[in-house]
Each structure stands twice: as structure tokens, then as C-alpha cells.
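The following exercises concern one protein chain and proceed from a single covalent link to the chain as a whole. Please attempt each task before reading its solution.

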Amino acid sequence: MNKLLLVIALISGLTSMSFIAKAADANSALPSLELPEKLRSAVPLPIAEADLPSVEAREYFKVSKQGLQLECPTFDANGDLLFCEVFGGTVFRLTRDKQLSSLLPDATLRPAGLAVHKRGRIYMAELGDFVSRGSVISMAADGTDVQPIVSRDAGFLPDDLVFDKEGGFYFTDFKGGSTTPTGGVYYIAPNGGKPVPVVPNLRIANGVGLSPDGKTLWVTELAGGQLHKVSLSDPTTIAPFGSSVVYSFVGGGPDSLRIDADGNVYVAIYGQGRIMVFNPAGFPIGQYLIPGRDQGHNLRSTSMVIRPGTDELLILTNDWDKGEGSTIFVARALAQGAP
């Protein structure tokens, strides 16, 4: 009986060893996915965009050791860079010799976009309560004499704005979500008045810009991940068959946009630490990468601006809670800034 048990145990052991060996052979033969190093980045470039001409920007100015949500870059009449911090309500001024100062026109404002009127007043699109009570205000160059243009009672969330040559302006309404297209683009005439809808039904309308000839409106849709090209018959009328989506972004995040003197469109990709460039027809032609992006740093690339009369491209980013603070980076644009 003991011999029989011994034989059974031996056979069982051999069977188990054979099963383990076969399992090991099967595991070693399983197909495996080998990722190249560039796809192991915290934010890998989409395959369709990986071969675009690319350049890494370099640091221009460290704004803060804290992760401030920088936005709103524009230039005033003196050539100073103006930009803002969304949650603190602060407007910064950076001179050509890199002297930084700040003003707080109203501690309750939540600035997201700045533009300077041809007469010198600064206009601000601000997000208010981030739900339905934002506004557009104007102020003197030193931050005093704050005047309402679009009231908080009007029900908008103005995020960005751009002037046309007549002194009217477009602003984006930062409302909605990926399944709720309740945002849009509105126009305020040079002599004021109520906002006129131009591009409705957008999923968090964000960046807005005009071509150098003023005939094409460009808009980014943050939650929709799209770039819209809109041909205009007049300031508030889309030309027949004039509205199209020319690009859909992988990973989403199209934030503010700017346009150079040749009509190229620069789009900040929020959460990806880069700027994409499109030609006037809407084809992607290049990109600017922010240092540290592959390691997950400086990904909150919100906006950029080209210094007028030059090709100096300044890019605003922050590292939020990753330890590298808030920084402005610099590179050369493809053309000079639009006048």
C-alpha cells in the first residue's frame, strides 16, 4: 500500500512539474508590447503629430515658485507684457528689462483674458463664479477706473477676447462640457450694446482670434477638443458654408490661441506642455515643446503671445503642484506678431 501511494505521489509530482513547465513555456511565448522611449513620456506626442517640426522653448522668466494659473498675455502701448493669474485676480506687468510688478483692480475678479483697445484701455474677460456670473470689464492702463462692459448679471462666462480693427470685440463664453454645448462666441460692437451670438453651441469655447485681414475667426473648443475656422461676411454673420472644424486634438486641451502676421495660428495645449502651429488653411505645421514635459512638468501650457513687431514668442505655463512653479518660456515664432 505504501509503495502504491509512493508511485501515485511520484506520478502526481511529475504531472505537476510537466504542467508548470508547459505553463512557463506558454507564458514565455505570449506576445508582448514593447513601447519605444518616446511613448513612455508622461504626455507622448500623438503618432500623427510626432514628426511635425518641433523645437524646445527655453526659460525666459520665472514668475513664481508657486503654481499660479497664468493666463491673458498681451502687450500694452509701452511694450510691457501684461498677463494675469486666474484665481487670485492679479494682473502682472513685466517690463522689457524683466521688472515684474502687479496690480489688483478688483479682488473679486477672476481674469482669464486681456486685450488692449487701440485707445489704450485694458479690457478683461473674467470668469466670476465659474458657473454663470462672469463679466467683461475695462480699466485704465494703471488698473484704475474699472468699468463694466458685460455685466455679471448677463449670464456669461467670458474667457478670452480679441478686438477687430473697428474697435468691436469677440469674446468666448466658457460654458458647457463634452456633452453640453452651451458655450459660444459673442460680439460687442464698437459703440457697445448687447452681446450678439456669432458661433453658438460650443463645448467650453476658449481661445479666440482673428486673421490679419479680419475675415476669419478662429476658435478653440476646450471640452470638444476642436479648432474651428469661421469665415465672416460681416462681424456677426458667418459666410455661407463658412464654418468648419479643421482639427481635432488627441488628448484634448486646446486652450488660448494667437495669430501671427502671416495668418499662422498658435494653439496652447493645456495639460500637454506644448504649443501647436497651424497654417492659415488649418493644417498643422509645427510645435513648440516645453522643457520637462516628458517627466510630467510644466504641462499647464495655457497661452502665448508674440511681441508686436518681432518674432519673439512668449509661452505661459505652470507646474501646479509638481514643484517647478510658474514660468514664461520663449522661442521664435514663424512670423512677427500681428500689428
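**Exercise 1.** Determine how many disulfides the count comes to, and characterise the linkage.

*Solution.* Step 1: a disulfide is here a pair of cysteine sulfur atoms within 2.5 Å, and by this rule the count comes to one disulfide. The model is a predicted one, in which local features need pLDDT of at least 70 and side-chain atom pairs count only at pLDDT 80 or more, while totals for chains, interfaces and linings use all residues. Residues are numbered from 1 along each chain as its sequence is written, and side-chain values use heavy atoms, with hydrogens and water left out.

Step 2: the bond joins Cys72 to Cys84, with an S to S distance of 1.8 Å. The two cysteines are 12 residues apart and link distant parts of the chain, Cys72 lying in strand β3 (residues 70-75) and Cys84 in strand β4 (residues 81-85). Helices (H or I, at least four residues) and strands (E, at least two) are DSSP runs, numbered from the N terminus.

Step 3: the torsion about the S-S bond of Cys72 and Cys84 is about 50°, so the disulfide is right-handed.

Step 4: residues are classed by relative accessible area as buried (under 20%), exposed (over 50%) or partly exposed (in between), using a 1.4 Å probe and protein chains only. Cys72 is buried at 1%, and Cys84 is buried at 0%.

**Exercise 2.** Describe the surroundings of Thr90 and Gly88.

*Solution.* Step 1: Thr90 belongs to strand β5, and its relative accessibility of 17% makes it buried.

Step 2: contact means heavy atoms within 4.5 Å. Leaving aside residues up to four places away in sequence, Thr90 touches Phe83, Cys84, Glu85, Ser102, Leu103, Leu104 and Pro111. The disulfide partner Cys84 is thus listed among the contacts of Thr90.

Step 3: Gly88 sits in the loop between β4 and β5 (90-94) and is partly exposed, at 33% relative accessibility. With the exclusion of residues up to four places away in sequence, Gly88 touches Leu104 and Arg110. The C-alpha atoms of Gly88 and Pro111 are separated by 8.5 Å, with their positions 23 residues apart along the chain.

**Exercise 3.** Asp145 and Trp320 each have a positive phi; establish where each is located.

*Solution.* Step 1: most residues other than glycine have a negative phi.

Step 2: Asp145 has a phi near 55°. Asp145 lies in the loop between β9 (135-139) and β10 (147-150) and, at 43% relative accessibility, is partly exposed.

Step 3: Trp320 has a phi of about 50°. Trp320 is placed in the loop between β24 (312-318) and β25 (326-332), where a relative accessibility of 37% makes it partly exposed.

**Exercise 4.** Is the protein chain as a whole a compact globule or more spread out?

*Solution.* Step 1: the chain contains two helices and 25 strands. Its radius of gyration, taken over C-alpha atoms, is 26 Å, well over the 20 Å given for 339 residues by the globule rule (2.2 Å times the number of residues to the power 0.38), so the chain is more spread out than a compact globule.

Step 2: the C-alpha trace spans about 105 × 50 × 40 Å along its principal axes.

Step 3: of the 339 residues, 50% count as buried. Among contacts with a separation of 6 or more, 46% involve residues 24 or more positions apart.
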